[in-house]
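Open the structure in your viewer and keep the selection tool at hand. We will walk through it stop by stop, picking something new each time.

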Amino acid sequence: MKTGKEVDMGGTFDYFGEKSHTDYKNITAKQYENRMILREAMMNHGFEPLAEEWWHFTLKNEPYPDTYFTFPVSENSIHK
């Protein structure tokens with residue numbers, strides 16, 4: 001957070017090859033550790049990981065499981 005730089009996750013967001021699998025081991029130990037930090041943080045807050053995509057999580061108790069929202073979300077839309 002202090003540097004404002006992306007964390008090295010050992011692969012790019014939205015790449016759908018094997019390298020994107022959460023448990024893919026042909027990356028550095030630090031990259032794997034970063035994936036596990038993200039996974040643990042998300043799971044601790046009620047999200048389930050998708051094994052094939054290190055960045056993809058679904059809320060366990062999704063309040064609108066059959067609803068697809070098509071409106072844009074911006075910082076201005078958040079009530080502060």
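Start by selecting residues 47-50, which form strand E1, and then residues 53-59, which form strand E2. In this predicted model, the two strands pair in the antiparallel sense, over 4 bridges. How many residues does the hairpin use to join E1 to E2? The hairpin makes the link through 2 residues.

Now look at who faces whom. Select Leu-50 and find its bridge partner in E2, which is Glu-53. Then go to Phe-47 and look across: Leu-59 of E2 stands opposite. While you have the strands on screen, keep a general rule in mind: in a regular strand, side chains alternate between the two faces of the sheet.

Next, zoom out and colour by secondary structure. You should find 1 helix and 2 strands in the protein chain. Travelling from the N terminus, you meet them in the order α-β-β.

The helix is H1, covering residues 29-44. Select Leu-38, which sits in helix H1. Is Leu-38 buried or exposed? Its relative accessibility is 26%, so Leu-38 counts as partly exposed; to be buried, a residue would need a value under 20%. Now show what lies around this side chain. Leaving out residues up to four places away in sequence, Leu-38 touches Met-9, Trp-54, Trp-55 and Phe-57. Trp-54, Trp-55 and Phe-57 fall in the stretch 53-59, which is strand E2. You can also draw a distance from Leu-38 to Pro-49: the two are 11 residues apart in sequence, and their C-alpha atoms are 9.8 Å apart in space.

Move back along the chain to His-21, in the segment before helix H1. With a relative accessible area of 27%, His-21 is partly exposed. Which residues is His-21 in contact with, once its neighbours within four places in sequence are left aside? They are Arg-35, Ala-51 and Glu-52. Try the distance to Pro-49 from here as well: His-21 and Pro-49 are 28 residues apart in sequence, yet 10 Å apart from C-alpha to C-alpha.

One more residue to select is Asp-14, also placed in the segment before H1. Check its backbone angles: phi is positive, at about 70°, although Asp-14 is not a glycine. At 41% relative accessibility, Asp-14 counts as partly exposed.

Finish by showing the whole chain. The C-alpha atoms fill a box of roughly 40 × 30 × 25 Å along the principal axes. The radius of gyration is 15 Å, whereas a compact globule of 80 residues would have one near 12 Å. Of the 80 residues, 18% are buried.

Switch on the surface, and you are looking at about 7000 Å² of accessible area, 55% of which belongs to carbon and sulfur atoms. Then colour by charge: there are 9 positive and 13 negative charges, and their mean positions are 9 Å apart. Last of all, consider contacts between residues at least 6 apart in sequence: 38% of them join residues at least 24 apart.

Technical notes. Residues numbered from 1 in each chain as written. Heavy atoms only, no water. Rg over C-alpha atoms; globule rule 2.2 N^0.38 Å. Buried < 20%, exposed > 50% of the residue type's maximum accessible area, 1.4 Å probe, protein only. Contact = heavy atoms within 4.5 Å. Areas by Shrake-Rupley, 256 points an atom, 1.4 Å probe, with all protein chains shown as cover. Lys, Arg positive; Asp, Glu negative; His and termini not counted. Charge placed at Lys NZ, Arg CZ, Asp CG, Glu CD. Pairing = 2+ DSSP bridges.
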